[in-house]
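Biologist: Please choose one part of this model and take me through it closely, from the whole chain down to single contacts. I would like to have the cut-off behind each term as you use it.

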Amino acid sequence: MTTQPIHGFKRAIPKEDHRPDSPTAALLSASGFCDAIGANFLALELMAMLTAAALHDYDHPGRTNAFLIATCHPLAVLYNNRSVLENHHAAASWGLLISDPKYSWLVNLNDAEFKRFRYLVIDEILVTDLVHHFTNVDDFRNRFMLLNNSQDYHLANGDAGNGVNWAAEEDRLMVSRMVIKMADINGPCKPWQLHRQWTDRIVEEFYQQGDDETEMQLSVSPYMDRNRPQLAKLQESFITHLVKPLCETLDRVGLLPSYLPTDCDADNIKNPLSLMMKHLTENEQEWKRVVSIENADG
């Protein structure tokens, strides 16, 4: 998402990084994504997002937070039942990073940069805990959609659109959190064949947890009983309640990758297409079709 173009998106590099010889300017020049949201982040922030994306599921045990808490798993005890997996991903990956100098690629950061980088990476990993999903999306929607409707809101670097003040650190942090969340749960936004491959892999992980719950005489979690598969209903619910609201919010604020169709005319020039939204809509319709068939079959 940080490098894919967004039609009509305007670059608004923060003032402190406008120097032609700055790391951000060099990165943008080399990458050529002046019309992507990555253009509006400081180089350190962009590096933190990419790092968080790589680390956010490190050393995942293949079980949910609810399962770890219910079974008093050592990780649940360690993190007091709060964002158990997300805390573990952050702590374990950082432990690996600092365990040996040969693993560290942050040696050129000064103390202040390292501290800020570490804060951003941890923050963006912890935001992937779906327990806080609705609060995070609502906060983002309330802030930027209301700002989009306010004629009194002006950006410090000129009108860059999207209702985001790219010169404000708080705004950039809120956007980065949504970008990481979108990267985490965007499976239904991929083409059907790829989406289905990942869905089958994830559901097998769910079934393995259900097997453990059965063996431990616990209640089997919803959608995790391999003897009563409900794959289509699982995906329909996942899309309806989690993915679609996030995706639509980012789309309305103008932060999803998009393009103008080749046959675009003057009437629809302001309605660029998002492949992510296109795939999401198609996949949602397909799962709804399967659910309808399954319901009809009883």
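Modeller: A residue is called buried under 20% relative accessible area, exposed over 50%, and partly exposed in between (1.4 Å probe, protein chains only). By that rule, 41% of the 298 residues in the protein chain of this predicted model are buried. The model is predicted, with local features requiring pLDDT of at least 70 and side-chain atom pairs 80 or more, whereas totals for chains, interfaces and linings use all residues. Numbering starts from 1 along each chain as its sequence is written, and side-chain values use heavy atoms, without hydrogens or water.

The protein chain contains 11 helices and 0 strands (DSSP runs numbered from the N terminus: H or I of at least four residues for a helix, E of at least two for a strand). Read from the N terminus, the order of elements is α-α-α-α-α-α-α-α-α-α-α.

The part I have chosen is helix α8. Its 17 residues reach 25 Å from the first C-alpha to the last, which is close to the 24 Å expected at 1.5 Å a residue (1.5 Å times one less than the number of residues). Most of α8 is covered, since 12 of its 17 residues are buried. The buried residues of α8 are D171, R172, L173, M174, V175, S176, M178, V179, I180, K181, M182 and I185, so that the list takes in side chains such as D171, R172 and K181 together with side chains such as L173, V175 and I180.

What, then, links α8 to another helix through charged side chains? The structure as a whole holds 13 salt bridges (a Lys or Arg side-chain nitrogen within 4 Å of an Asp or Glu carboxyl oxygen). In one of them the side chains of E169 and R116 meet, at 3.1 Å from N to O; E169 belongs to helix α8 and R116 to helix α6, and the pair thereby links distant parts of the chain, 53 residues apart. Both partners are partly exposed, E169 because its relative accessibility is 44% and R116 because its relative accessible area is 23%.

A further salt bridge joins D123 and R177, whose closest N and O atoms are 2.8 Å apart. Because D123 lies in helix α6 and R177 in helix α8, this pair ties together parts that are 54 residues apart in sequence. Here the two partners fall on either side of the cut-off for burial: D123 counts as buried because its relative accessibility is 16%, while R177, at 24%, counts as partly exposed.

For comparison, away from α8, E204 and R226 also meet through their side chains in a salt bridge, at 3.2 Å from N to O. E204 sits in helix α9 (residues 192–215) and R226 in the loop between α9 and α10 (231–253), so this pair ties together parts that are 22 residues apart in sequence. E204 is partly exposed, with a relative accessible area of 32%, and R226 likewise counts as partly exposed, at 32% relative accessibility. Through salt bridges that share partners, E204, D211 and R226 are joined into one network.

To return to the chosen part, α8 is thus a mostly covered helix, with E169 in a salt bridge to R116 and R177 in a salt bridge to D123, and in these two pairs the partners R116 and D123 both lie in helix α6.
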